[in-house]
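This report walks through the fold, from overall make-up to single residues. Please keep the model open while reading.

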Amino acid sequence: MRKMSKVISGFVVALLTLVMVSMGASVKAAEASEELGEKLLISARSATTPIGSPEDLLEIANSPYEAYHLVCDIDMSGIEWKPFAFHGLINGGGYSILNLTIAETGDAVRETYDGNMKVYDTKFAALFDELSGANINNLNLVNLRIDVETDEPCFIGSFAGYMENSTLDNCTVQGMLQLRAHDRMFGVGGLTGYGCGSVDNCHADVTLVCIDTDATTKDEQFMGGVCAAGYPDMHHNTIVIRGYDSDHGYVHDGGLVGMYMFYPKGTKYKGSITGNYVSGKITFYEDNKNRRAYCDGFIGEIMNWDFDNGSNIRKDFVRDEVFTYDIDLMPHDCANPVWKEEVIAPGCDFGYTKRICETCGYEETDHYTLKDHAYEWTVEREATETQRGSRRGVCKDCGAQKTESIPMLEPKETPAPEKAETESSLEETGAQSQEPAESQQAEEYDWEGTQKFAIANNFWAMLLLALGLVGAAGVVVYVLWKKTR
Ligand SMILES: [Zn+2]
Ligand SMILES: [Zn+2]
């Protein structure tokens, strides 16, 4: 009995000592944990990395395994986008990337397979040339412009050139994707170029152009409203396709997928293709005596039939095969175009320039501009010398709302340094890590990001401390227990 009470009192003293030491060292612990937490918590921290400018978007290339979210629409006009591989998470938050323009393939090289399982080292172009282990959701591409000419096997798409083990969910694209190639295996997909993974709840309103630039060799050529070739699972996608495929070889065109095929050889898979909607037209030729001319509103050629398939709708889809092989098929093929331009001014929706050919009536839109709401601002918290303020804007035309922070006021006198410390640590963190405010937009998201980061770090500091305490207490109990035996 006495031994037991000795053990207990010893344990209590040890624990109290530990707590006191811990409290004394809490600042150091917090510092240490901040460093440790940063390493441990790459994913948690990056879950809050905001994307609010073209520069932020370009920066993803340097940390392609992290997670991001958009905080506003982003206009990529005038920026050359070099595709890169991405393996993280992007939550677009319903925001749009405008005028993304791509004229080259990325560095990723992946193997693609034709219907005879021949393998090709292939290059890709899209927002990301490769998506693997990635998730992109709630992101829109408005006026995407891809125009690639290459001498290598190549696939292009909107979000991914090559995709595997990845998910594309609730994303939209509107734009024009063109590929000119001639080396054995190439194609254009409305959402992804080649591969597998999941494409769900997406909307593509796309003009796809694929041109074989060499009439002397027979190539394998692919086009699909979702994916040019591969075996993506597809659910509840809406595809509006305007396809133009000029092919001196073998055509595989589909409203959803050009060629549905499991790869590599021996792959067993149960696919799933349900609830998709396709409308539009694919105009193509297959300059080939051994003509097959696969073109269908859903899937051009089906190599594997092991997939669930229901509730897919094909509405007003037109398979438009032509038999003159000397002119590249293009959306606009007028001999004497006369253009008239009209600029639609930005308001509560994106602005754009509309071009109409007066000769033939062809219409296209380009040069989108960011929304310009007529905000009326209400200050919700005044800024002081030590604290940011905030204001809320309500668009008088459409009711859209936006909250921005207001920068701290310039100090009028030299502030007492001790006093400045009285602000809450969260706000201090937010203020200190702030770069000089260049625009309200930039401030808004930096603020959000740093605040969440600070909360995450505090949480982990506390967790580490708690774990340390429990572990140490365990050791103490064990040692004391041993002593009593
Ligand atoms: Zn508005
Ligand atoms: Zn015309």
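## Pairing of β9 and β13

This is a predicted model. Strand β9 covers residues 119-125, and strand β13 covers residues 154-156. The two run parallel and are joined by three bridges. One pair to locate is Lys-123 and its bridge partner in β13, Cys-154.

Both strands belong to an open sheet of seven strands. The order is β8-β9-β13-β17-β21-β25-β29, with mixed pairing. The edges are β8 (110-113) and β29 (294-296), and each of these pairs on one side only. From one strand to the next, the twist averages 20°.

## Overall make-up

The protein has 485 residues, of which 35% count as buried. It holds seven helices and 38 strands. Take the contacts between residues at least 6 apart in sequence: 69% of them join residues at least 24 apart.

## The largest nonpolar core

In soluble globular proteins, nonpolar side chains tend to be buried together. Here, the largest nonpolar core has 90 residues. Ile-156, Phe-159, Leu-191, Leu-208 and Leu-256 have the most contacts inside it. Strand β20 (residues 203-212) gives the most to this core, with six residues.

Where does this core lie with respect to domain 1 and domain 2? Domain 1 spans 74-331 and domain 2 spans 334-370. Both give residues to the core, so it lies between them.

## Strand β20 and its partners

Eight of the ten residues of β20 are buried, so this strand is largely enclosed by the rest of the structure. β20 pairs with strand β16 (residues 172-181) in the parallel sense, over ten bridges. In that pairing, Arg-180 stands opposite Ile-211 of β20. Strand β24 (residues 238-247) also runs parallel to β20, and nine bridges join the two. Leu-208 stands opposite Gly-243 in β24.

Leu-208 is one of the residues with the most contacts inside the core. Set aside residues up to four places away in sequence, and Leu-208 touches Leu-177, Val-188, Gly-190, Met-223, Ile-241, Gly-243 and Tyr-244. Gly-243 thus appears in the contact list of Leu-208 and as the residue opposite Leu-208 in β24.

## Phe-298 in its loop

Phe-298 sits in the loop between β29 and β30 (299-302). Strand β29 is an edge strand of the seven-stranded sheet. Is Phe-298 buried or exposed? A residue counts as buried if 20 or more other C-beta atoms lie within 10 Å of its own. Phe-298 has 22 within 10 Å, so Phe-298 is buried.

Which residues is Phe-298 in contact with, leaving aside its neighbours within four places in sequence? They are Gly-254, Gly-255, Leu-256, Val-278, Asn-312 and Arg-314. Of these, Leu-256 is also among the core residues with the most contacts. Tyr-277 is 21 residues from Phe-298 along the chain, and their C-alpha atoms are separated by 9.0 Å.

## A three-stranded sheet

Three strands form another open sheet, in the order β33-β34-β35, with antiparallel pairing. Its edge strands are β33 (339-344) and β35 (363-369), each pairing on one side only. Neighbouring strands are turned by 20° against each other on average, direction ignored.

Six bridges join β33 to strand β34 (residues 351-357), and the two run antiparallel. Within this pairing, Val-343 has Thr-353 of β34 as its bridge partner.

Conventions: Residues are numbered from 1 along each chain as its sequence is written. Chains are lettered from A and ligands numbered from 1 in the order in which they are written. This is a predicted model: local features need pLDDT of at least 70, side-chain atom pairs count only at pLDDT 80 or more; totals for chains, interfaces and linings use all residues. Two strands pair if DSSP finds at least two bridges between them. Helices (H or I, at least four residues) and strands (E, at least two) are DSSP runs, numbered from the N terminus. Axes are lines fitted to C-alpha atoms, for helices over the stretch in contact, and angles run from 0 to 180 degrees between N-to-C directions. A residue is buried if 20 or more other C-beta atoms lie within 10 Å of its own, exposed if 12 or fewer, and partly exposed in between; C-beta atoms are placed from the backbone. Two residues are in contact if their C-beta atoms, placed from the backbone, lie within 7 Å. A nonpolar core is a set of buried Ala, Val, Leu, Ile, Met, Phe, Trp, Tyr and Cys residues joined through C-beta atoms within 7 Å. Domain bounds come from an automatic or database domain assignment.
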